[in-house]
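Trainee: I am new to this structure and would be grateful for a close look at a single part of it. Could you please take me through the place where the two chains meet, and then through one strand that belongs to it?

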Protein chains: 2
Amino acid sequence: MSSLEHEQFTATQRSTVKRLPQRADYGQVIYQILDEGLVCHVGFVVDGQPFVIPTAYGRVGDKLYIHGSPASRMLRSLSNGIEVCVTVTLLDGLVLARSAFHHSMNYRSVVIFGTAMIVENPEKKLEALLAFTEHVIPGRWAEVRSPSRQELQGTLVLSLPLNEASAKVRTGDPNDDEADYDLPVWAGVVPLKLTAAAPIADSRLQPGISLPAYVQNYTRVCER
Amino acid sequence: MSSLEHEQFTATQRSTVKRLPQRADYGQVIYQILDEGLVCHVGFVVDGQPFVIPTAYGRVGDKLYIHGSPASRMLRSLSNGIEVCVTVTLLDGLVLARSAFHHSMNYRSVVIFGTAMIVENPEKKLEALLAFTEHVIPGRWAEVRSPSRQELQGTLVLSLPLNEASAKVRTGDPNDDEADYDLPVWAGVVPLKLTAAAPIADSRLQPGISLPAYVQNYTRVCER
């Protein structure tokens with residue numbers, strides 16, 4: 001645990017899991033889910049209208065960095081921070097019950113509330129870009145061309161403090177009604193995971209460049 | 001194509017893809033993405049605050065059915081429909097460019113705007129539950145115990161018309177700056193897909209019940 005991380009998150013009115021609270025978790029599992037996920041869904045409001053846009057992210061301690069472009073609709077009118085809800089969902093399995101009603105999914109999700117601020121400082125923007133890249137595929141940053149000053153200027157980065165967050169987790173067998181356990185119906189779980197297939201080289205890859213080990217052995221998506 | 005489906009969606013102010021419009025698609029790919037996805041992210045607004053909640057869904061023609069429980073915060077105060085933004089995202093690969101700046105992901109996503117209505121009619125609710133179940137694992141509905149009247153009453157279902165929707169799709173190689181193609185850096189794509197592992201029988205499964213073929217051969221997540 002980094003000194004910038006919470007040991008336990010304080011549940012607030014809006015971050016408290018209301019539905020099936022027994023599945024809620026306000027501890028370290030929040031960081032684990034954020035670190036395993038690759039895409040978040042950013043929710044924000046423009047003129048009362050909700051928008052939900054998928055985007056990449058990175059985490060540094062108790063800060064979540066998100067690409068700013070999804071929020072550009074808002075940024076035209078706002079400069080003092082953007083109220084967002086950011087959700088990361090990992091789908092772990094299909095839960096097949098004996099009744100239609102009790103079918104479910106195994107999942108781990110995190111919901112974060114807060115005010116996202118535009119990152120202006122070039123060093124912080126660089127920290128964010130590093131976090132994006134290393135989050136997706138550790139080892140990559142050291143090998144690629146670093147961002148130019150112009151690229152940094154052209155990148156919109158938002159920073160969201162990880163203060164108000166909750167996780168919700170479902171695992172294990174279906175929960176059937178007692179009477180249904182006698183039905184002659186197969187029940188159980190079909191596990192799902194996001195897996196990497198063999199890397200595909202760029203059609204313009206120069207000859208003689210071999211596949212790096214961190215790409216060849218890319219397994220974090222399913223193994224972490 | 002069902003007679004209830006659009007051949008082409010009309011792009012509105014809010015459903016028009018503003019960022020990287022060359023990746024936008026307003027045609028049949030919208031249905032294909034919705035049919036392949038398993039989880040949607042529902043965005044709604046309560047007292048100006050955005051909420052983004054993951055949930056299961058099903059599609060019947062030009063209607064998306066979503067589980068109502070995520071919206072229960074809203075339903076306490078609203079009865080004339082709920083303004084939502086529903087997003088489905090399929091992650092297809094990591095795009096490794098020669099510069100940090102041009103790293104990206106291959107994905108297919110759909111964003112739907114509209115007013116979700118509570119489904120009161122028991123027959124329509126049954127249609128929605130069937131759509132949920134068959135969407136997740138085709139063949140399942142015929143085998144399991146059907147919902148009781150009490151279960152139907154206890155299920156909150158929302159119906160969202162598929163009228164305002166857009167897809168956004170990125171495929172293929174990284175797009176590097178021309179000068180960067182000479183760098184001695186491996187570039188390409190790591191394909192990702194959600195895959196099913198071997199089914200795990202419920203710990204209370206009765207002896208003598210064999211695994212159905214539609215579970216054994218479950219491949220739709222990666223193959224459709």
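Mentor: What follows is an account of the interface, and then of one strand within it.

The model is a predicted one. The contact between the chains draws 88 residues from chain B and 88 residues from chain A. The size of an interface is often given as the accessible area lost when the parts come together. For chain B and chain A, the buried area comes to about 7600 Å², and carbon and sulfur atoms give 63% of that area.

Charged and polar pairs also take part. Eight salt bridges are counted between chain B and chain A. In one salt bridge, B:D202 is joined to A:R98, with the closest N and O atoms 2.7 Å apart. Across the interface, 42 residue pairs are found in polar contact, both residues being at pLDDT 80 or more.

As for the elements on the side of chain B that touches chain A, those giving two or more residues are β2 (39-46), β3 (49-60), β5 (82-96), β6 (104-118), α3 (122-136), β9 (188-196) and β10 (200-201) of chain B. The most comes from β9(B), with nine residues. By residue class, this side of chain B divides into 51 nonpolar, 19 polar and 18 charged residues.

Strand pairing also crosses from one chain to the other. Strand β9 of chain A, residues 188-196, is joined to β10(B) by two bridges, and the two strands run antiparallel. Within β10(B), B:A201 is the residue that stands opposite A:G188.

The strand to examine in detail is β2(B), one of the elements that give two or more residues to the side touching chain A. Eight of the eight residues of β2(B) are buried. The covering extends to both faces of the strand: B:V39, B:H41, B:G43 and B:V45 are buried on one side, and B:C40, B:V42, B:F44 and B:V46 are buried on the other.

Within its own chain, β2(B) pairs with β3(B) in the antiparallel sense, over eight bridges. Here B:H41 has B:P54 of β3(B) as its bridge partner. The hairpin of β2(B) and β3(B) has two residues between the strands, and in this hairpin B:D47 takes a positive phi near 50°. A further antiparallel pairing, over three bridges, links β2(B) with β5(B). In that pairing, B:C85 of β5(B) is the bridge partner of B:G43. Thus β2(B) is paired with β3(B) and with β5(B), and both of its faces are covered.

How values were computed. Residues numbered from 1 in each chain as written. Chains lettered and ligands numbered in written order. Predicted model: local features only at pLDDT ≥ 70, side-chain atom pairs only at ≥ 80, totals over all residues. Heavy atoms only, no water. Contact = heavy atoms within 4.5 Å. Buried area = accessible area lost by both parts, 1.4 Å probe. Salt bridge = Lys/Arg side-chain N within 4 Å of Asp/Glu carboxyl O. Polar contact = N/O pair within 3.5 Å; in protein donor to acceptor, adjacent residues only side chain to side chain. Helix = DSSP H or I, 4+ residues; strand = E, 2+ residues; numbered from the N terminus. Nonpolar A, V, L, I, M, F, W, Y, C, P; charged D, E, K, R; others polar. Pairing = 2+ DSSP bridges. Buried < 20%, exposed > 50% of the residue type's maximum accessible area, 1.4 Å probe, protein only.
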